[in-house]
Amino acid sequence: MESLEELSEEEAPKETKTSSSLPRKLTVKEILATKTQNYFAQTKKTKKTLMQVAFTIGLGSIWRFPYLCHRNGGGNFILMYFFMLLLFGIPLLYMEMIMGHWLRMDNIRVWKQLVPWLGGIGYASILVCILISLYNSIIITWSISYLGNSFDNSLPWNQCPLVKTINVTDLSCLQTVSHQYFWYHTTLSASGHIEEGVESLVVHLTLGIFAAWCLLFLIMITGLKTPMPMLIFTVFLPYILLFCFLIRGLFLEGATASLRHMVTTEFSSWASLDLWRQAGGHVLYSLGLGMGITISFSSYKVGEDNYIQVASLVALVNLVTSLLATSIIFIVLGFWTSTSGHSCVEKSILKLKNLIKRGMLPQDAKPPEDMLYLTTLDYLDWISKLPQYLQYQVIHFSPSCSIKMQKEKNSISTFRRYPKLLSVLICLGGFLGSLVFTSHAGSYIMSLFDDYLIPLTLVIIVTFQNVALACIYGARRVREEIFSDLGRLLWSFFIVLWCYVTLPGLLALTTIYFMQLYQMVPPYYIAWNSSMSQEVKQPYLQSTLGWVTFLSILTLLPIPVHPLYHWWYLQDHIASDPLEKLQPKKMPSVPPKPLQWPKHHLGKSQEKNSESSSKQLSLLLGRGLNLNLPPWQCSLPLSRSSQSSSWLSLPVITSLTSSFSRRSVSLPISRQVSPASVAVDNSELHTETKEDRSRMRTLFSNW
């Protein structure tokens, strides 16, 4: 619905024409009112653009992109992502923006309006957003956990934890970096593989996820609004922090080598289907495609926007943010690698010698002279042979680095009346659904969602969107009607991309996802081996992959269910209509009254009349076209794309009204039927006699 402010702008009184041909000179009051109106319109446009930009600065750019880039060898993934961002991301983002701006609807009603039998796309998008919210909540919980631990005087991830009893197994902290030990042992209490530890929950993670959903509940019930200064601060604060981290990281050891490795590209890796799968899935995830958020943003009427520039700006901000965060991550990982292994042993021995000189450690804690010429495992063996009280002191004073050399190197490896009740149910359901991520195997389940389930469903949903627009409704028809309604001609290059580039690419990407998920060799995930204190690769079991299939089908179920529901409802409604057999063949004649269909005009002065006439005609259709005609003698032929929406040609007006009432009745009906195709056949209309009336009363009373 349009806001009162928008209606007041449209219904503003127009200037009366004077008898003189010269234009009337504007008063100072009118000039100030015009400038004020332009200022507020520009402010709304800027705020909407900032909100779209702020949506891209999220976990997809700051957390997910660096993770995938590190996993796929740095420059290979960056170049692949940039390539798919140009050919897929920007055209599809522009498609969703222009759909919302053209139809002025939310994501659910857009697809019901364009292709009614694919109206379930919007509901599938909602289910995907629910799944994303569930596993994003555990990431927020991890952040809350680290935030709470950061107030300690000595950061717990900077050194190995203090223990009372020392034995050989406690040396596992020295086999890895202390912050990795803190992550798997203290924060996650991670199990050995995904099938372990699902029954029990980690207490502090459960409390953290409860706090996250409570915070969301408070925001929902209070209706937290973001003023313009706060929105600007929210958008630019992450960049200030990221630039500070980058400047500090450039002074760390190994920073130059890390950045060089990040941009190194091996074109032979482009033959990997897994690289294409991950890059394509992340393009959709990072831009929010298939989630319906972009369509909802664009549906707000805040003036005319150049959506090609907006889509390019959003994609550029997304890319810059991702590269900035990835540079910081690679610098930190490079510093970790450069201080691990043999160099870490040297640092440990030097520190022990200094502590012995200062009298803080006894002479028994002095390592052998030839220790630097031995392997790192010999250093661990020497520590394990020390007395327990010396083991405690050596572990406590050991530097925060990995003594054991890393082996793997590819890379730097009722609701309207009670609105608060809806918020309660949403947050309570979200909390209960998120509990699975607080189990000992929760991080592995989250990786399964992030790597396979969410990207697969997003790719399928966006594929259906592209098919509905480009093939069924017709991309050329969209171009013509947008020009007719908005006076804006879409760039023909995007029409070519939607039909011949993005659609085949999405179909190929969907095929790759299924091939990777159901290949002979099952995909793997990274798990924690507590006995070795190392990350290891574990294959997914078929039962685990079966859950991915089940949840994918459940998420996409509204797409096939929606047309089946309407078909079943239509058949049941027609079969239960008793008037079809009781209506007489002779009906009273009425003078023909042609229906006046609205014509599209490019000028803004005619836009109001066109919309009002369309809405009046839509109301007539919703009330059954009160023209004193029997239901079966009024039909609406289809428009020029009748083969795409043939289910609108219904034989009975009752089913027609039911279908129109469930779609957007208030929209211009010219997008659903041809303006010149409605005619009323009056050849069978006759005068109604008293006998006919009495016969009809008798039949209805007997029935």
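## A tour that starts at a buried arginine

Begin by selecting R277, which counts as buried because its relative accessibility is 0%, and the cut-off for buried is under 20%. Keep in mind along the way that this is a predicted model.

**Stop 1: the partners of R277.** Show the side chains around R277. Side chains of opposite charge can pair when their charged atoms come close. Which side chains does R277 meet in a salt bridge? One is D274, at 2.6 Å from N to O. Another is D451, with 3.8 Å between N and O. D451 counts as buried too, because its relative accessibility is 7% and the limit is under 20%. Now add R71 to your selection: salt bridges that share partners join R71, D274, R277 and D451 into one network.

**Stop 2: helix α11.** Next, colour residues 273–287, which form helix α11. R277 and D274 both belong to this helix and sit 3 residues apart, about one turn. An α-helix has 3.6 residues a turn, so residues three or four places apart point the same way. Run a distance from the first C-alpha of α11 to its last and you should find 22 Å, close to the 21 Å expected for its 15 residues at 1.5 Å a residue. Is α11 mostly covered or mostly open? Mostly covered, with 13 of its 15 residues buried. Step just past the end of the helix to G288, where phi is positive, near 75°.

**Stop 3: another salt bridge.** Select R64 and D450 together. Their closest N and O atoms are 2.7 Å apart, and the two residues form a salt bridge. Both of these residues are buried. The structure holds 6 salt bridges in total.

**Stop 4: a cavity.** How big is the second largest cavity? Its volume is about 70 Å³. To find this cavity, select its lining: Q52, F55, T56, L93, M97, L287, I293, T294, F297 and V314. Colouring by helix helps here, since α2 (28–56), α4 (75–103) and α12 (293–298) each supply at least two of the lining residues. Rolling a probe the size of a water molecule over the atoms shows where empty space is left.

**Stop 5: two loop residues.** Move on to R104, in the loop between α4 and α5 (107–114). R104 is not a glycine, yet its phi is positive, about 55°. R104 is partly exposed, at 26% relative accessibility. Then jump to S189, found in the loop between α7 (178–188) and α8 (203–222). S189 is also a residue other than glycine with a positive phi, in this case near 50°. With 25% relative accessibility, S189 counts as partly exposed.

**Stop 6: out to the surface.** Switch on the surface display and select M230, I232, F233, F236, L237, I240, L241 and F245. These residues make a nonpolar surface patch of about 760 Å². Pick out F236, which lies in helix α9 (residues 228–249). F236 is partly exposed because its relative accessible area of 45% falls between the limits of 20% and 50%.

**Last stop: the whole protein.** Zoom out and show everything as a cartoon. You will see 25 helices and 2 strands. Of the 703 residues in the protein, 45% are buried. The exposed area comes to about 37100 Å², and carbon and sulfur atoms supply 64% of that area.

Key:
Residues numbered from 1 in each chain as written. Predicted model: local features only at pLDDT ≥ 70, side-chain atom pairs only at ≥ 80, totals over all residues. Heavy atoms only, no water. Patch = residues over 30% accessible without salt bridge, like charges linked within 9 Å, V, L, I, M, F, W, Y side chains within 5 Å. Areas by Shrake-Rupley, 256 points an atom, 1.4 Å probe, with all protein chains shown as cover. Salt bridge = Lys/Arg side-chain N within 4 Å of Asp/Glu carboxyl O. Helix = DSSP H or I, 4+ residues; strand = E, 2+ residues; numbered from the N terminus. Buried < 20%, exposed > 50% of the residue type's maximum accessible area, 1.4 Å probe, protein only. Expected span 1.5 Å × (residues − 1). 1 Å grid on protein atoms, 1.4 Å probe; cavity = no way out; pocket = protein on both sides within 12 Å on 5 of 7 lines; lining within 4 Å. Points joined across faces, edges and corners; volume = space filled by probe spheres on them.
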